[in-house]
Amino acid sequence: MNAAQPLPGTDGDKDLLWQRELREQFPIVEAHPELAYLDSAATSQKPRAVLDAVQTYLTTSNANAGRGTYPWANRTTELVESTRERVKEFLRDPRPDRSGVHFTGGTTEGLRTVARDWLVPYLDDGDEILVPYADHRANLDPWLEARRLLAERGIGVRVRALPYQAASGDYDHRALGEAVGPRTRFVAATHVHHVYGGDMNVHRIREAVGPDVPICLDAAQSVGHLPVRLDDPSLDVDFVVFSGHKAMALPGSGAIWARNARGPEFRPGGWQGTPNTVGIVSLRAALDWLDAAGPERIARWTAALTTRLTDRLRHLGPYEILGCQAGLAAGSTLPESQRRQGIVTFRHRDIPSDDLGFILFSHGFMVRADSLCQAGADERAGSVRVSLHVYNTVEEIDRLLTVLASLT
Ligand code: PLP
């Protein structure tokens with residue numbers, strides 16, 4: 001199949017045209033046809049609309065937010081405040097009157113802020129929390145730090161591991177029921193795994209912990225990549241934490257959405273200082289861009305490319321694809337939402353992953369090749385991760401497969 005032929009799993013020619021038009025909106029991608037950017041789980045490229053919004057803001061009304069009463073300052077304050085509402089709207093928040101949005105520098109800072117400013121004051125001696133030990137470090141370290149801070153005050157909190165199934169790359173939902181007890185007061189979970197690319201089925205966590213336990217969701221790999229809809233009852237979580245820069249906005253941007261229904265209201269502590277106004281402006285433009293492009297359609301495109309990659313890669317002898325093997329089988333009956341969401345991580349039997357990364361770059365492919373910041377990962381083991389976004393093409397995947405096949 002060449003690039004002009006429709007991609008199975010998409011809406012045929014319509015999606016091909018749609019994708020081509022979107023790709024043209026990414027100046028860096030268009031400027032480098034010889035390169036293929038396959039590292040969008042680390043950070044996404046930025047569409048022209050986001051770059052323009054930043055340029056317009058900086059050349060027409062740059063000022064500080066929440067300070068000053070002249071028009072540029074008022075405009076900046078209005079931009080920041082209305083972007084909070086835009087985040088709620090983007091997430092289809094059914095109760096925007098009750099929730100809050102706090103801007104951060106990204107998911108790492110966001111999760112740490114929830115841990116320090118909300119979780120620490122909320123927990124009592126003897127409470128238990130469940131956290132992921134095999135997801136991104138950003139979603140483990142803050143909870144361990146919270147335990148330490150509490151221990152310094154004489155409050156003992158037990159941190160339990162969210163049970164995990166290495167074979168499926170998902171939480172072990174059966175074992176989860178046993179890990180939950182009467183003192184379970186909080187769960188931290190991940191929406192889409194940054195190594196295995198699978199949806200982590202947060203609705204099953206809600207079923208296991210019952211209606212009253214707050215859940216904090218690391219949505220770094222879902223917001224901007226697939227629909228994240230809080231009006232969907234299966235996404236009954238209390239915090240959604242994400243990075244703007246993985247969702248088309250500038251580096252150093254991100255947000256915490258807090259439902260404020262279970263536990264105390266989320267009020268990030270202390271004097272907040274000057275916000276990252278440029279990042280916030282970029283986030284707003286990014287959310288507008290993503291909504292116009294259509295998160296469902298973006299997810300369909302990247303899932304179709306992912307399937308194309310895994311369908312061939314799994315037949316190339318020396319490669320081992322990490323994560324759920326059931327989703328790789330031909331004619332897999334796994335529902336679409338359970339398949340890999342634009343992320344495929346693999347190893348070569350004989351070529352160390354960092355060497356494979358160099359080889360791939362010598363052919364123009366930019367991939368991630370290391371331990372991927374996975375908590376508990378063996379730094380030496382390493383793996384190669386291909387992560388996709390809407391600007392990636394069938395032709396890039398086919399070229400990549402040709403190179404990978406030549407290394408067998
Ligand atoms: N959580 C997950 C699942 C991630 O994939 C990442 C980044 O790759 C992070 C957290 C950290 O995000 P950031 O570096 O934007 O803070």
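Which residue of β8 does A188 stand opposite? In this predicted model, the residue facing A188 is C216 of β8. The two strands concerned, β7 (residues 184-190) and β8, run parallel and are joined by 4 bridges. Between them the chain passes through helix α8 (residues 202-209), and the resulting β-α-β crossover is right-handed.

Strand β8 (residues 215-218) also pairs with β9 (residues 239-243), again in the parallel sense, over 3 bridges. C216 takes part in this pairing too, with F239 as its bridge partner in β9. In a regular strand, side chains alternate between the two faces of the sheet. Within β8, I215 and L217 point one way, whereas C216 and D218 point the other way. Residues on both sides are buried, D218 and C216 as well as I215 and L217.

A further element of the model is an open sheet of 4 strands, arranged in the order β11-β12-β15-β14 with antiparallel pairing. Because β11 (319-321) and β14 (368-370) stand at the edges and have a single partner strand each, one side of each is left without a neighbour in the sheet. On average, and with direction ignored, neighbouring strands of this sheet are turned by 30 degrees against each other.

The pairing of β11 with β12 (residues 343-348) is antiparallel and comprises 3 bridges. Here I321 stands opposite F346 of β12. Helix α10 (residues 295-313) lies across β11, β12 and β15 (383-387), and runs at about 20 degrees to β12.

Key:
Residues numbered from 1 in each chain as written. Predicted model: local features only at pLDDT ≥ 70, side-chain atom pairs only at ≥ 80, totals over all residues. Heavy atoms only, no water. Pairing = 2+ DSSP bridges. Axes fitted to C-alpha atoms, helices over the stretch in contact; angles between N-to-C directions. Contact = heavy atoms within 4.5 Å. Buried < 20%, exposed > 50% of the residue type's maximum accessible area, 1.4 Å probe, protein only. Right-handed = clockwise from strand over helix to strand, strands pointing away.
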